[in-house]
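User: Could you walk me through one part of this model in some detail? I would like the cut-offs spelled out as you go.

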Amino acid sequence: MTRKTRRLWIVIACLACVGSAAALTLRAFSSNIVFFMAPSQVKASPPSPDRTIRLGGMVMAGSLHRINENGTPVNAFQVTDGQAAVEVHYTGILPDLFREGQSVVALGTVQKDGGFTASEVLAKHDETYMPKEVADELKRTGKWDPRFGKAPDASSWDTMTAKKAGG
């Protein structure tokens, strides 16, 4: 083998190693990425049932239902972005700051029936906090323009109820 051919094989082997390492890294990242979705996005194109996502929006007023099953709290409520609503089921104790009409982010999976099963529910921590993704979605849907003050309370969205959202 000539020197030139040997160098070519070394370069090819290095490129193959770098390509394999990049492919393995991207595959590892893709299985751990958790995407944020608004209810209207979930309704328009639901992710596969095995895909974990973060669902963010406002808890719809009048939608919270709590029951106890064998001493374990089971909660059902609807999360809305003003255009669509998704029914969320969560087994466990909700955060102390969880309230209807407040922003929330739920981590979980979308079921085949369109409902959402949450493994974790995060509530806002004070009266001015709103998750960035929720604020961005409110801006995108035209429900809020930051030039005109703080984000609206969900109860001000045309007094939206579960019947009006088209859940």
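To set the scene, what percentage of the 167 residues of the protein count as buried? After that, please take a close look at strand β4 and its pairing.

Analyst: Happy to! Of the 167 residues, 36% count as buried, where buried means under 20% relative accessible area, exposed means over 50%, and partly exposed lies in between, with a 1.4 Å probe and protein chains only. Please keep in mind that this is a predicted model: local features need pLDDT of at least 70, side-chain atom pairs count only at pLDDT 80 or more, and totals for chains, interfaces and linings use all residues. Residues are numbered from 1 along each chain as its sequence is written, and side-chain values use heavy atoms, with hydrogens and water left out.

First, the overall layout. The protein has 4 helices and 7 strands; these are DSSP runs numbered from the N terminus, with helices being H or I of at least four residues and strands E of at least two. From the N terminus on, the order of elements is α-β-α-β-β-β-β-β-β-α-α.

Now to your strand. β4 covers residues 72–80, and 7 of its 9 residues are buried, so the rest of the structure largely encloses this strand. As background, side chains in a regular strand alternate between the two faces of the sheet.

Next come the partners of β4, where two strands pair if DSSP finds at least two bridges between them. Strand β2 (residues 52–59) pairs with β4 in the antiparallel sense over 2 bridges, and methionine 58 stands opposite threonine 80 of β4. Threonine 80 also has a bridge partner in β5, namely alanine 85. Strand β5 (residues 85–91) and β4 are antiparallel too, with 7 bridges between them. These two strands form a hairpin with 4 residues between them, and glycine 82 in that turn has a positive phi of about 95°.

Strand β3 (residues 65–69) also runs antiparallel to β4, joined to it by 5 bridges. Here histidine 65 stands opposite alanine 76 of β4. β3 and β4 make a hairpin as well, with 2 residues between them, and asparagine 70 in the turn has a positive phi of about 55°.

For a contrast with the buried residues of β4, have a look at tryptophan 9, which lies in helix α1. Its relative accessibility is 52%, so tryptophan 9 counts as exposed.
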